[in-house]
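Q: I'd like to learn how to read a model like this one. Could you walk me through it, feature by feature?

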Amino acid sequence: MGVIPNHWDIKQFRRIFLIKKDLANCLGYNVLSVTQKGLKVKDIESNEGQIASDYSKYQIVCPGDYVMNSMDLLTGYVDCSTQKGVTSPDYKTFRTRRKVIIDKSFYLFIFQLCYKARIFYNLGRGVSNKGRWRLPSDNLNRFLLPIPPLREQLVISDYLKVKTSKIEQYVAQRERELLDSLRQSEIANVVTKGLNPNAPMKDSGIPWIGMIPEHWGTRKIKFLFKERSEKGFPNEPVLCATQKYGVIPQEMYENRVVVVNKGLEGLKLVKVGDFVISLRSFQGGIEYAYYQGIISAAYTILEPSEEVDSNYIKYLFKSHPFICLLQTCVTGIREGQNINYDMLRKNSIMLPPLSEQQAIVKYIDSKLSKIDQYMADLQAEIDYLKEFKQRLISDAVTGQICVAEPQKGDTQ
């Protein structure tokens, strides 16, 4: 807290709040779950998330009770309930002690700040068997809280509700702009229709393609690519195919992958500009190779012919119309669906003249560069606003900014 106003008090959590654990012992209550957006009623019929076998063992939550996910101080949160229900026995539920009068919203701001600013995290302990960082009750009970006069608590919480609401609305608007900047881009349309919106059009005769510029052609995929099956390059870096980054070295991939360190002679060679059909990735699963290396022999490697510009094909393969085509060329069911290249290769794609493919790539690269810069600037502004909101709450609840002038005769 640092320095606080002279007329404020400081007390331990346990002097203000009582941690409780009242078990439901019966069914029939709404099940409440703590999320980053507050307490939500869990739909136990949807089979989404973790489902308990017996909700009668859950804790009763009453209106005005605080519910804290104290088992996960990294991604957990805390909220004040507005309804009766039950919640996980792993959560901490607590209420105001008898004869203690506080503004619940004022302390909710403090508790939520302690999650966002990782203040509770510093009081946590590790639980090795669950891989989480929890907040022990003893540490929470000893946690020191500021106690302004009740009148000031009310004024501060009202002030923060107004200010944070405005910040959240503005942040939400700017975040929508991040998405809109991508939706409004002309990338997909340019790849499939060309740069000239006034060009004479013709029917391609292929359902998934539809109308294309009159001077464009169509070609079967099997005539534009040949399969690369070269093996025996154990000194090349091992690659992985990702939908987010394309085909890159395993060591550069941020997510955990099975590292291949033996049998390297049996992996297939991939060259820059090739395409890799990755398994179980029919929603845009043909990935562009940005690096040379070797990859699983189970993958299909496509080497583009001289008729096509690899970068143009890279954008085409990620366009919505082409992904819809991919979904018709799969085998297996549900999560096990794989792209079947024998089916895919019999289909045709649109084929602009090579010079126009290159012009389209140049246009898209320029467009993406501007979008990326705009998004980076917008994200920096959003991050600043979120940090400002956190600092505003911190300064208000610790009295660093004067929101309410102390009144003579104020009592706790």
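Q: Is K99 buried or exposed?
A: Relative accessible area sorts residues into buried (under 20%), exposed (over 50%) and partly exposed in between, using a 1.4 Å probe and protein chains only. K99 has 85% relative accessibility, so it counts as exposed. Before we go on, please keep in mind that this is a predicted model, where local features need pLDDT of at least 70 and side-chain atom pairs count only at pLDDT 80 or more, while totals for chains, interfaces and linings use all residues. Residues are numbered from 1 along each chain as its sequence is written, and side-chain values use heavy atoms, with hydrogens and water left out.

Q: Where is K99 found, and what is its phi?
A: Helices and strands here are DSSP runs numbered from the N terminus: H or I over at least four residues for a helix, E over at least two for a strand. K99 is found in the loop between β9 and α2. Its phi is positive, about 70°, although K99 is not a glycine.

Q: What about R118: where is it found?
A: R118 is in the loop between α2 and β10 (125-127). R118 also has a positive phi, about 60°, without being a glycine. With 40% relative accessibility, R118 counts as partly exposed.

Q: How many residues of strand β9 are buried?
A: Four of the five residues of β9 (residues 92-96) are buried, so this strand is largely enclosed by the rest of the structure. One residue of β9 to look at is K92: at 11% relative accessibility, K92 counts as buried. The C-alpha atoms of K92 and P136 are separated by 9.7 Å, with the two residues 44 apart along the chain.

Q: Which strands pair with β9?
A: Strands of a sheet pair through backbone hydrogen bonds, either parallel or antiparallel. Here two strands count as paired if DSSP finds at least two bridges between them. Strand β2 (residues 17-20) pairs with β9 in the antiparallel sense over four bridges, and L18 stands opposite R95 in β9. Strand β6 (residues 66-68) is joined to β9 by three bridges, and these two run antiparallel. There, M68 stands opposite K92, the buried lysine we just looked at.

Q: What is the strand order in the open sheet that contains β16?
A: The order is β16-β23-β20-β21, four strands with antiparallel pairing. β16 (225-227) and β21 (286-288) stand at the edges with a single partner strand each, so one side of each is left without a neighbour in the sheet. Neighbouring strands of this sheet are turned by 30° against each other on average, direction ignored. For such angles, axes are lines fitted to C-alpha atoms (for helices over the stretch in contact), and values run from 0 to 180 degrees between N-to-C directions. Between β16 and strand β23 (residues 300-304) there are three bridges in the antiparallel sense, with F225 opposite P304 in β23.

Q: And what is the pairing in the open sheet with the order β4-β3-β8-β5?
A: In this four-strand sheet the pairing is mixed. β4 (38-41) and β5 (59-61) stand at its edges, each with a single partner strand, so one side of each lacks a neighbour in the sheet. The average turn between neighbouring strands here is 45°, direction ignored. Strand β3 (residues 31-35) and strand β8 (residues 85-87) run parallel and are joined by two bridges; V31 stands opposite V86 in β8.

Q: Which helix supplies the largest share of the lining of the largest pocket?
A: That is α4, with eight residues. α2 (104-116), α4 (150-183) and α10 (354-397) each supply at least two lining residues.

Q: How many disulfides does the structure hold?
A: A disulfide is a covalent bond between the sulfur atoms of two cysteines. In a model, the test is a pair of cysteine sulfur atoms within 2.5 Å. This structure holds zero disulfides. As for individual cysteines, C324 is partly exposed, with a relative accessible area of 31%, whereas C402 is exposed, at 56%.
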